[in-house]
Amino acid sequence: ERPDLDWLEGTGIDISDGVLCDESLRVMTIDGTAVEGVVACGSVARWPNPRGNGTPAKCGQWIAAQEQGQGAARTLLAGGRPVPAVSILPRYWSHQLGLRIEVCGELDPKAEIDVQEMRPGKKDVAKAGVLATYVRDGHLIGAVAVNAPRMFTNLARTMRLDEPSVTVIPAVPAPVSPAVVPLERAPARLAIGAGPSSPAYGPG
């Protein structure tokens, strides 16, 4: 699904691929200026997740939308003070044909991938449990588990604790660009959000 952003046309906000945000989820204009008092979260928000490669991207899981909402609220409450960057570990799960499939982190095909069978020798390898881990530069960046919930939970917990420490220091407010048109009937502080983009996501 594509988020409905037609109502933001003509505001000067960068909606070229979702709503562009900075590391703290402050909404950005086309010319790179943060819009004061406006944040975005959910599958509509495109931001440079500190856990990623620095390129702004969207994250469509339910749990990510919830955690982004918490981060966006911190940004609003901080006003212009420095705040931690909103760091999200993407994760989701699904049940398919009797298999519990769980995913977290970044699944980089160029990373070092290790596949481990939970119960070697079993005829049905998937039902017996499989865990694949993704390592880059010595750091665990992602994991996929099939019928291995305990191992997955431990790995995901470890990855969440290994959170990048990044603080966002807001720039000195710049003059509002003439291209930025005030939003009609918008409150002083507007939170832009959208629901998940896939039905396969669960609480993780």
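Which residues of α3 are buried? Hold that thought while the whole chain is on screen.

**Whole chain.** This is a predicted model. Colour by secondary structure: the chain has 3 helices and 13 strands. Of its 204 residues, 41% count as buried. Turn on the surface next. About 11900 Å² is exposed, with carbon and sulfur atoms supplying 55% of that area. Now consider contacts between residues with a separation of 6 or more: 58% of them join residues 24 or more positions apart.

**Helix α3.** Select residues 149-161, the 13 residues of α3. Put a distance between the end C-alpha atoms; they are 18 Å apart. That agrees with the 18 Å that should result at 1.5 Å a residue.

**Its buried side.** Show side chains for Phe152, Leu155, Ala156 and Met159: these are the buried residues of α3. They cover an arc of only 100° around the axis, so they sit on the same side of α3. Next, add β8 (99-105), β10 (130-136) and β11 (139-146), the strands that the buried residues of α3 pack against.

**Its other face.** Rotate to the face of α3 turned away from the buried side. Arg150 and Leu161 are the exposed residues there.

**The second largest pocket.** Select Arg51, Gly52, Pro90, Gly105 and Glu106. Among the 26 lining residues of the second largest pocket, these lie nearest its centre. The volume of this pocket is about 710 Å³. Which elements give two or more residues to its lining? They are β5 (57-58), β8, β11 and α3. Keep α3, β8 and β11 displayed: the buried residues of α3 pack against both of these strands, and all three elements contribute to the lining of this pocket.

Note on methods:
Residues numbered from 1 in each chain as written. Predicted model: local features only at pLDDT ≥ 70, side-chain atom pairs only at ≥ 80, totals over all residues. Heavy atoms only, no water. Helix = DSSP H or I, 4+ residues; strand = E, 2+ residues; numbered from the N terminus. Buried < 20%, exposed > 50% of the residue type's maximum accessible area, 1.4 Å probe, protein only. Contact = heavy atoms within 4.5 Å. Areas by Shrake-Rupley, 256 points an atom, 1.4 Å probe, with all protein chains shown as cover. Expected span 1.5 Å × (residues − 1). Arc of directions from axis to C-beta. 1 Å grid on protein atoms, 1.4 Å probe; cavity = no way out; pocket = protein on both sides within 12 Å on 5 of 7 lines; lining within 4 Å. Points joined across faces, edges and corners; volume = space filled by probe spheres on them.
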